[in-house]
There are 2 protein chains.
Amino acid sequence: MLRLSRFSLHLPRAVAFMPGLPAFDEFPVKVWTRLLTVQAHRMQPDMAGYNFHLGGYGPLREALTSYLRSSRKVVCDPDQVFIVSSTRAGLDIICRLLCDPGSAVLMEDPGYNPAKNVMRAAGLNIVPVPLDADGLRIDLAERSDPTARLVYVTPSHQWPTGVSLSVRRRQQLLDWAERRSAWVVEDDYDSEFRFDGRPLPTLQGIDGGRHVIYLGTFSKVMFPSLRTAYVVVPRSLAPAFREAVPYAGQEPPMHIQAALAEFIHQGHFFSHIRRMRRLYKRRQALFTDAMIRHLGDGIPVDRPAGGMQLSLVLPGVCPATAVSLSAGAAGLYAKPFSISALTNAVPNALHLGFAAVPERLIDPSAKTLASIILATR
Amino acid sequence: MLRLSRFSLHLPRAVAFMPGLPAFDEFPVKVWTRLLTVQAHRMQPDMAGYNFHLGGYGPLREALTSYLRSSRKVVCDPDQVFIVSSTRAGLDIICRLLCDPGSAVLMEDPGYNPAKNVMRAAGLNIVPVPLDADGLRIDLAERSDPTARLVYVTPSHQWPTGVSLSVRRRQQLLDWAERRSAWVVEDDYDSEFRFDGRPLPTLQGIDGGRHVIYLGTFSKVMFPSLRTAYVVVPRSLAPAFREAVPYAGQEPPMHIQAALAEFIHQGHFFSHIRRMRRLYKRRQALFTDAMIRHLGDGIPVDRPAGGMQLSLVLPGVCPATAVSLSAGAAGLYAKPFSISALTNAVPNALHLGFAAVPERLIDPSAKTLASIILATR
């Protein structure tokens, strides 16, 4: 039975500063729409019918394989790549395929709330694992729950703290999976946007794809309402996934899959990522500069090495939930860490997205948010 | 845990005579693609972002409500309509929201195999219920399983037999639901295509939407790879559905939802249905005439009052599974009832779709199929 959350769902109209939103204003809508239209004209049975492309449209699985191999050092063949309608849908299939209801799953605390909802709905027992500056403390999890055979992590930019899982911790986590015969779900949601240097190696790549199930999404690199994501599974799980994806009714529409394959094949995907990496770096700089200017010296503003959002730790006298309420009233979205919390041991902080905010709105929105923060105490 | 089926998945390349496929060759692709393209250009955050339209795009829910009220006598308001990515996805949410794992669900035997897979994957215990010429024998179910609180039915054109649930049986089924406080899932997948007279009233309409959860799909009226369907739930279930649909990551892409709303609003939907009703009636007549001509007197060919497929009962000496294998080798798809069976008590029959077969291919394909049937004994 789906267990519903105690939290109500958030329906923000404000782009400033909702985490997880890409730059809608800079999306190459003409190129994309042209490709989409060409593919939507293909009304042959193999494009318009049922399940002709089991696991996803072949050329998209191939294009993704090349991309993931070269950009993320993911070790896979196209038949290990499955196209699904969202990260949540992929995670739902993973949980239901690999875990019995009531079994334990480890998760970062604080962590990605929609993933928590999916895993709870699949009947799993979520075991929170603390974080430090190097990411997930798998050593603590090892002691607190010896039965868990699944862990869900966001190693590139931990959601919401932004911490990158250190190389040493990555190895510890994979050692744990090896010892336990456990599965690691690596949600690599916005790893493309690393501003300086190359992105960190994926867990999947270090592991060679033995214990790691890799989740990726087009929501950040393209846009969320496209509703297309992918799962890369170990070779041993591919036959089960091949059967399970259509069971769940989770295949994205074929014209979208085919247009995405062309978008990647024709090079638009790479050039869009490159362009967004520069844009998000610029928007991050504008946002952090504005916040530093408007907040003054009392509240330090960190500038993470990548991602589409940052975390802002507030002084104890200024509760993040109170700031969030006032920001909402002022037409801004300021998400408190408490929404992503599994226990009460979360920092008093905000999770702020800057990637979607047009340059001209960054300073005035930051000014409003800073004044709310300074007035809340 | 997802329990996988014993059956391998079917990947037919043959349109003749796969059940459930619409006329790809007569779809108004230009009009549709024009609407799709217009909507795909809308890159504002409310169209391209996350969950701005909880439960589905508002104008589509409104357009569907008008359509369902007038064409199917469904009793609902737009906030009871939820847009999902497939009938399977909708059924998955229903099962997981309303049933504990291990609980019983009644289902027609033979019945719609993908629904069986979804319900088994949700951990439900499927209780087969026999059919007769009036449809589901709910009286037999009442005696054999007194615990069931959910039944899945295809009352308009039972899948695969084509039987319509009689008016008297509809009332019996609703009485059962009332007595048991049970839920009836009404999968009304191709009710639009009734060739003579008006479609039968829906269970949802007779019941006033108290115990019936209504499932509809755009797979038959539009085309399957569009991946868009809808669920109409009783008012009491609407809040839970509102929360559960995004949990499962089941929302169709926004440009598709918006284009569908326009397609209905501008009248294309109704005129396409009217045109396809005439076309499918003609293709059915051509197909049944051809089968009668090529089969001779020994094997009667029924002509159902509607739908996109028909069932052909074979003599005992001619096993449907053997015909199916030979047909596959000849490039045809002839689905034996056994694929839809829950028990062994299914007729020796084929389930044959004619709607997608272009006129010029009907006679030659029917001739090949008939010769295979006559040679199999």
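**Exercise 1. A residue in helix 13**

Which residues does A:Ser365 touch, not counting residues up to four places away in sequence?

*Solution.* Keep in mind from the start that this is a predicted model.
- Step 1: place the residue. A:Ser365 belongs to helix 13 of chain A.
- Step 2: check its cover. Buried means under 20% relative accessible area. A:Ser365 has 11%, so A:Ser365 is buried.
- Step 3: list the partners. Leaving out residues up to four places away in sequence, A:Ser365 touches A:Ala16, A:Phe17 and A:Leu332.

**Exercise 2. Another position in helix 13**

Decide whether A:Arg360 is buried or exposed, and relate its position to that of A:Leu286.

*Solution.*
- Step 1: helix 13 covers residues 359-375 of chain A, and A:Arg360 is found there.
- Step 2: exposed means over 50% relative accessible area. With a relative accessibility of 65%, A:Arg360 therefore counts as exposed.
- Step 3: along the chain, A:Arg360 and A:Leu286 are 74 residues apart, and 9.9 Å separates their C-alpha atoms.
- Step 4: put the two helix 13 residues side by side. A:Ser365 is buried, whereas A:Arg360 is exposed.

**Exercise 3. How confident is the predictor?**

Summarise the confidence values for chain A and for the complex.

*Solution.*
- Step 1: take the chain average. Chain A has a mean pLDDT of 92, with 97% of its residues at 70 or more.
- Step 2: look for a weak stretch. Over residues 1-12 of chain A, pLDDT stays under 50. For this stretch the model has 44 contacts beyond four places in sequence.
- Step 3: turn to the complex. The predictor assigns an ipTM of 0.93 and a pTM of 0.94.

**Exercise 4. The overall build of chain A**

Does the radius of gyration of chain A agree or disagree with that of a compact globule, and what else describes the fold?

*Solution.*
- Step 1: count the elements. Chain A contains 13 helices and 11 strands.
- Step 2: compare the radius. A compact globule of 377 residues would have a radius of gyration near 21 Å, and chain A agrees because its value is 21 Å.
- Step 3: add the extents. The C-alpha trace of chain A spans about 60 × 55 × 40 Å along its principal axes.
- Step 4: consider burial. Of the 377 residues in chain A, 63% are buried.
- Step 5: look at contacts with a separation of 6 or more. In chain A, 77% of these come from residues 24 or more positions apart.
- Step 6: finish with the surface and the charges. Chain A exposes about 13,300 Å², of which carbon and sulfur atoms supply 54%. Its 42 positive and 32 negative charges have mean positions 4 Å apart.

**Exercise 5. Backbone surprises**

Find two cis peptide bonds in chain B, then inspect the phi angles of A:Lys73 and B:Ser181.

*Solution.*
- Step 1: recall the background. Most residues other than glycine have a negative phi, and most peptide bonds are trans.
- Step 2: locate one cis bond. B:Ala16 and B:Phe17 are joined by a cis peptide bond with omega about 5°. B:Phe17 sits in the segment before helix 1 (29-40) of chain B.
- Step 3: locate another. The bond between B:Asp109 and B:Pro110 is cis, with omega about -5°. B:Pro110 lies in the loop that runs between strand 2 (104-108) and helix 5 (113-121).
- Step 4: turn to A:Lys73. This non-glycine residue has a positive phi of about 55°. Its loop lies between helix 3 (58-72) and strand 1 (81-84) of chain A, and a relative accessibility of 47% makes A:Lys73 partly exposed.
- Step 5: treat B:Ser181 likewise. Its phi is positive, near 50°, and B:Ser181 is not a glycine. The residue is in the loop between helix 7 (167-180) and strand 7 (183-187) of chain B. With 55% relative accessibility, B:Ser181 counts as exposed.

**Exercise 6. Two places in chain B**

Describe the surroundings of B:Leu91 and the accessibility of B:Gly316.

*Solution.*
- Step 1: B:Leu91 is part of helix 4 (residues 87-98) of chain B, and a relative accessible area of 2% makes B:Leu91 buried.
- Step 2: beyond four places in sequence, B:Leu91 touches residues including B:Ala115, B:Tyr152 and B:Leu215.
- Step 3: B:Gly316 is in the loop between strand 10 (309-313) and helix 12 (320-329). B:Gly316 has a relative accessible area of 70% and is exposed.
- Step 4: the C-alpha atoms of B:Gly316 and B:Asn348 are 6.9 Å apart, with their positions 32 residues apart along the chain.

Key
Residues are numbered from 1 along each chain as its sequence is written. Chains are lettered from A and ligands numbered from 1 in the order in which they are written. This is a predicted model: local features need pLDDT of at least 70, side-chain atom pairs count only at pLDDT 80 or more; totals for chains, interfaces and linings use all residues. Side-chain values use heavy atoms; hydrogens and water are left out. pLDDT is the predictor's confidence in each residue, from 0 to 100. Contact means heavy atoms within 4.5 Å. Helices (H or I, at least four residues) and strands (E, at least two) are DSSP runs, numbered from the N terminus. The radius of gyration is taken over C-alpha atoms; the globule rule is 2.2 Å times the number of residues to the power 0.38. Buried means under 20% relative accessible area, exposed over 50%, partly exposed in between (1.4 Å probe, protein chains only). Accessible areas come from the Shrake-Rupley method with a 1.4 Å probe; for residues, only the protein chains shown count as cover. Lys and Arg count as positive and Asp and Glu as negative; His and the chain ends are not counted. The place of a charge is taken as NZ of Lys, CZ of Arg, CG of Asp or CD of Glu.
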